[in-house]
Amino acid sequence: MTARRLSAAALAAAAIVGAVALPASAADHARPERARVEISAVQYDSPGRDDRSRRSLNKEWVELTNTTRHTVNLDGWTLTDEDGDTYTFDDYRLEGRATVRIHTGEGRDTDSDLYMDRRNYVWDNYSDTATLRNGYDRFIDDASWGGHRHHGSDRHH
C-alpha cells in the first residue's frame with residue numbers, strides 16, 4: 001500500500017511541476033509580433049467636382065496603417081475594388097507605426113504617398129469595398145461603404 005501511495009504522490013508531483021513549467025517555457029519563447037497592416041481610412045468621394053483632373057483624382061485615396069513597431073514589406077500586395085481595379089505595391093516598405101495614402105491619380109511616390117497613376121476614379125461614391133491582400137493573395141483587411149458590409153467596417157473620412 002505504501003508503494004502505491006508513494007508512486008501516486010510522485011506522479012501527482014510530476015504533473016504539477018509539468019503544468020507549472022509549461023507556461024514559463026512558453027513565455028521564454030514568445031512569438032514575434034505579427035505584422036498588422038490595416039485599411040485605416042478611405043476617401044472614396046473626392047471633394048469638389050468630379051472633373052477627372054489630377055487634383056480631383058488625387059483627393060480620392062485609401063490609407064493603410066502599420067500598427068506594429070516593425071517595417072512590413074508590401075511588395076506584391078494588392079489593393080482592389082469590387083470591379084477588379086487593382087493597384088499592386090512595387091518594392092514598398094511601410095515603416096512601423098506609419099501610414100501611407102494611396103491616391104487614385106498621377107503623382108510622384110514618396111514614403112507617405114503612393115499614386116495609382118489612373119485617369120479615372122476607382123472607388124464608387126455610393127457603394128464599394130476596398131480589399132487589401134498580401135503577396136500570397138491572402139486576405140489582410142477590407143473597408144466597405146454604402147450597401148455592402150464585408151470583413152472590415154465603414155471606415156472613411
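**Exercise 1. Place Arg49 in the chain and state whether the residue is buried or exposed.**

Solution. Arg49 sits in the loop that runs between E1 and helix H2 (54-58). Helices (H or I, at least four residues) and strands (E, at least two) are DSSP runs, numbered from the N terminus. The model is predicted: local features need pLDDT of at least 70 and side-chain atom pairs count only at pLDDT 80 or more, while totals for chains, interfaces and linings use all residues. Residues are numbered from 1 along each chain as its sequence is written, and side-chain values use heavy atoms, with hydrogens and water left out.

Next, take the accessibility. Buried means under 20% relative accessible area, exposed over 50%, and partly exposed in between (1.4 Å probe, protein chains only). Arg49 has a relative accessible area of 68%, so Arg49 is exposed.

Last, list the contacts, where contact means heavy atoms within 4.5 Å. With neighbours within four places in sequence left aside, Arg49 is in contact with Ser56 and Tyr121.

**Exercise 2. Describe the secondary structure of the protein chain.**

Solution. Count the elements: there are 2 helices and 10 strands. Then read along the sequence, which gives the pattern α-β-α-β-β-β-β-β-β-β-β-β. Of the 157 residues in the chain, 33% count as buried. For contacts between residues at least 6 apart in sequence, 52% join residues at least 24 apart.

**Exercise 3. Work out how E1, E2 and E7 are paired, and which way the residues of E2 point.**

Solution. Two strands pair if DSSP finds at least two bridges between them. E1 and E2 run antiparallel and are joined by 6 bridges. Within this pairing, Val42 stands opposite Val62 in E2, and the bridge partner of Val37 in E2 is Asn66. On to the next pair: E2 and E7 are antiparallel as well, over 5 bridges. Here Trp61 has His103 in E7 as its bridge partner.

Now consider the sides of E2. In a regular strand the side chains alternate between the two faces of the sheet. In E2, Trp61, Glu63 and Thr65 point one way, and Val62, Leu64 and Asn66 point the other way. All of these residues are buried, in line with the count of 6 buried residues out of 6 for E2. E1 is also mostly covered, with 5 of its 7 residues buried.

One residue of E2 also meets a charge. A charge sits over a ring if NZ of Lys or CZ of Arg is within 6 Å of the ring centre and within 35 degrees of the ring normal. Arg101 lies over the face of Trp61, 3.7 Å from the ring centre.

**Exercise 4. Give the position of Gln43, its burial and its side-chain partner.**

Solution. Gln43 belongs to strand E1 (residues 37-43). Its relative accessibility is 12%, and therefore Gln43 counts as buried. A polar contact is a pair of N or O atoms within 3.5 Å; within protein, one must be able to donate a hydrogen and the other to accept it, and residues adjacent in sequence count only if both atoms are side-chain atoms. The side chain of Gln43 reaches the backbone oxygen of Asp45 at 2.6 Å.

**Exercise 5. Find the aromatic pairs that involve Trp145 and classify them.**

Solution. Rings of Phe, Tyr and Trp (its six-membered ring) pair if their centres lie within 6.5 Å; planes under 30 degrees apart count as stacked, over 60 as edge-to-face and the rest as tilted. The whole structure holds 3 aromatic pairs. Tyr44 and Trp145 are 4.6 Å apart centre to centre with 5° between the planes, a stacked pair. Tyr44 is in the loop between E1 and H2 and Trp145 is in strand E10 (residues 139-145), so this pair ties together parts that are 101 residues apart in sequence. For Trp123 and Trp145, the centres are 6.2 Å apart and the planes are at 70°, so the pair is edge-to-face. Trp123 lies in the loop between strand E8 (113-115) and strand E9 (128-133), 22 residues from Trp145 in E10.

Check burial. Tyr44 and Trp145 are both buried, with Trp145 at 1% relative accessibility. Trp123 is buried too, at 2%. Ring pairs link Tyr44, Trp123 and Trp145 into a cluster.

**Exercise 6. Name the central residues of the largest nonpolar core and the strands that supply it.**

Solution. A nonpolar core is a set of buried Ala, Val, Leu, Ile, Met, Phe, Trp, Tyr and Cys residues joined through side-chain atoms within 4.5 Å. The largest one has 25 residues, of which Ile39, Leu64, Leu74, Leu79, Phe89, Ile102 and Trp123 touch the most other members. At least two residues each come from E1, strand E2 (61-66), strand E7 (99-103), E9 and E10. E1 gives the most, with 3 residues. Leu79, outside four places in sequence, touches residues including Ile39, Phe89, Ile102 and Trp123.
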